[in-house]
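Hi,

Here is the structure I promised to pass on. Have a look at it first, and then read my notes below.

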Amino acid sequence: MENGTRIVVVTACPTGIALTYMAANRLQAAAQRLGYLIKVETQGALGSEDILTRKDIGRANAAIIAADVDIDGLDRFQSVPVLTVGTAQAIADPEAVLAEALALPRA
């Protein structure tokens, strides 16, 4: 039941374990329920996983940075609206985070 809306996400927390993956999972589940295509890059204890490509970012309607630490490679997102939130917000209300990101004006 995909509707063509694409979102890219980067998640990260200070320890790179629990909150990084909880935020990723909650955003993925919410996006799936809403029919959005989503790809999540996690920057965690194991390093960066599922790294977003230039093509992933270029095709996205919006990007979400759900992090409690500085993220590597933010300059990659110049072509897409970017919403920055903490992992707690992404975990608590992923639908609202997705809606806020998609409401951002295109650059």
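Before the surface figure, one term: accessible areas here come from the Shrake-Rupley method with a 1.4 Å probe. On that basis, the accessible surface of the chain is about 5,700 Å², and carbon and sulfur atoms account for 53% of it. Please keep in mind that this is a predicted model.

Now the overall picture. The chain has four helices and five strands, and reading along the sequence you meet them in the pattern β-α-β-β-α-β-β-α-α. How far does the C-alpha trace span along its principal axes? It covers about 35 × 25 × 20 Å. The radius of gyration is 12 Å, which agrees with the value near 13 Å that a compact globule of 107 residues would have.

As for the inside, 41% of the 107 residues count as buried. Contacts also reach a long way along the sequence: if you take those between residues at least 6 apart, 63% of them join residues at least 24 apart. On the charge side, there are 9 positive and 12 negative charges, and their mean positions lie 9 Å apart.

Let's start the details at the beginning of the chain. Thr5 sits in the segment before β1, which covers 6-12. Is Thr5 buried or exposed? Its relative accessibility is 16%, and buried means under 20%, so Thr5 counts as buried. Setting aside neighbours within four places in sequence, Thr5 touches Tyr36, Leu37, Asn61 and Leu102. If you want a distance to try in the viewer, go from Thr5 to Ser79: these two are 74 residues apart along the chain, and their C-alpha atoms are separated by 16 Å.

Next comes β1 itself. Six of its seven residues are buried, so the strand is mostly covered. β1 runs parallel to strand β2 (residues 37-44), and six bridges join the two. To find the pairing on screen, look for Ile7, which stands opposite Ile38 in β2.

The other pairing I looked at is between strand β4 (residues 62-67) and β5. They also pair in the parallel sense, here over four bridges. One place to see this is Ala66, whose bridge partner in β5 is Val85. Which residues make up the covered face of β5 (residues 82-85)? They are Leu83 and Val85, while Val82 and Thr84 form the uncovered face. Val85 therefore turns up twice in β5: on the covered face and as the bridge partner of Ala66.

Happy browsing!

Notes: Residues numbered from 1 in each chain as written. Predicted model: local features only at pLDDT ≥ 70, side-chain atom pairs only at ≥ 80, totals over all residues. Heavy atoms only, no water. Rg over C-alpha atoms; globule rule 2.2 N^0.38 Å. Buried < 20%, exposed > 50% of the residue type's maximum accessible area, 1.4 Å probe, protein only. Contact = heavy atoms within 4.5 Å. Lys, Arg positive; Asp, Glu negative; His and termini not counted. Charge placed at Lys NZ, Arg CZ, Asp CG, Glu CD.
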